[in-house]
Amino acid sequence: MLLFQATYDAIIGTLVEERSLTIQDLYQKIKDSIWISLPNFYKIISWLVSDQILIKEDGKLSIHKRWILGISSLSEKLNSVNKDDKIGEILKIKDGQSLEYFGGSILEIDGLWWNLMIILNNYYGKDIDTFVYQAHPYYMLGTKETELGFFEQEVRLSTIYFLTGNTFFLDIYWVQFYENIGVQIKATDIVPFPREGYCITVIWDYIFEFIYPEYITEYFKLLFETTESLEMYNSELFRKIFDIRTRCKLAVRRNKKYAEDIRKKFKESFS
């Protein structure tokens, strides 16, 4: 993902491959993989042209050379930062040590979590598996575009086993979106972890643990238990829960034995 929005990325990706297309042909190319109405598609194209990301010439769209040069320059700078930057405090902690990270909302914690996981997977490479448990697929429902973008990156770095601890309509429905990008996922009522408000991730000897504040858990629980169809699903209300201002803590510890015990529980659940 380049712009971390599925429609924008589909437009850019298609024009990278095709070089130039009419608006109608571009829409036909992406509409099967990205659902978007034609009027909204035209609005997005208008924004991309006005921001000089795309250029329209002779009735066809292509990527603006100015934007390409800007991205190339940014890439060089980012590579320089990546080479010079320290490997980060998370890679320095020793077995038995832990760190705590705080955010002012679930959404803030999500972004922080992403960054730390990518650091570890980039560092350890493809020789390790990643194990993710969420009591419900919270982030796929609340932040779908960024969640898909994140896991599309992660499956290139690691084999991912994703376990979700409930089988309500929304739990089952959203499993397919993880499956479509190559995540090994299973929704089941029989899990070795709490079935509400709990998330844990294991990468190598590192354990990420996050427990939602109790009242946030109750909001989510009600929505999952009462939503029985897509028509009943209020995506806007669900998304607003992620923005509620509340103190959140992400605990990260390095513990080889505990990490191995959790991996064993995951493998038993998938067997």
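Helices here are DSSP runs of H or I with at least four residues, numbered from the N terminus. With that in hand, let's work through some exercises on this predicted model.

**Exercise 1. A salt bridge inside a helix**

Find the partner of Arg-263 in a salt bridge, place the pair in the secondary structure, and decide whether each residue is buried or partly exposed.

*Solution.*
- Start with the atoms: Arg-263 pairs with Glu-260, and their closest N and O atoms are 3.0 Å apart. The cut-off is 4 Å, so the pair counts as a salt bridge.
- Next, place the pair. Both residues belong to helix H11 (residues 256-270), where they sit 3 residues apart, about one turn of the helix.
- Now turn to accessibility. Arg-263 has a relative accessible area of 13%; buried means under 20%, so Arg-263 is buried.
- Glu-260 has 41%, which lies between 20% and 50%, so Glu-260 is partly exposed.

**Exercise 2. A salt bridge between strands**

Which strands hold Arg-253 and Glu-209, and how many residues apart are they?

*Solution.*
- Check the contact: the two side chains form a salt bridge, with an N to O distance of 3.4 Å.
- Then locate the residues. Arg-253 is in strand E9 (residues 248-254) and Glu-209 is in strand E8 (residues 206-211).
- The two are 44 residues apart, and the pair thus links distant parts of the chain.
- Finally, Arg-253 is partly exposed, its relative accessibility being 31%.

**Exercise 3. One more pair, and the total**

Classify the accessibility of Asp-243 and Arg-239, and give the count of salt bridges.

*Solution.*
- The side chains of Asp-243 and Arg-239 meet in a salt bridge at 2.9 Å, N to O.
- Asp-243 has a relative accessibility of 39% and counts as partly exposed.
- Arg-239, at 29%, counts as partly exposed too.
- The count for the model comes to 9 salt bridges.

**Exercise 4. Two helices that meet**

Describe how helices H5 and H7 are arranged, and what kinds of residues make their contact.

*Solution.*
- Take the geometry to begin with: the axes of H5 (residues 106-124) and H7 (residues 144-157) come within 10 Å and cross at roughly 15 degrees.
- Angles under 35 degrees count as roughly parallel, so H5 is roughly parallel to H7.
- As for handedness, the crossing is left-handed.
- On the H5 side, the contact is made by Trp-114, Met-117, Ile-118, Asn-121 and Asn-122; H7 contributes Thr-146, Glu-147, Phe-150, Gln-153, Glu-154 and Leu-157.
- Sorted by type, these residues comprise 5 nonpolar, 4 polar and 2 charged.

Note on methods: Residues numbered from 1 in each chain as written. Predicted model: local features only at pLDDT ≥ 70, side-chain atom pairs only at ≥ 80, totals over all residues. Heavy atoms only, no water. Axes fitted to C-alpha atoms, helices over the stretch in contact; angles between N-to-C directions. Parallel < 35°, antiparallel > 145°, perpendicular 65-115°, else oblique. Left-handed = near helix turned anticlockwise from the far one by under 90°. Contact = heavy atoms within 4.5 Å. Nonpolar A, V, L, I, M, F, W, Y, C, P; charged D, E, K, R; others polar. Buried < 20%, exposed > 50% of the residue type's maximum accessible area, 1.4 Å probe, protein only.
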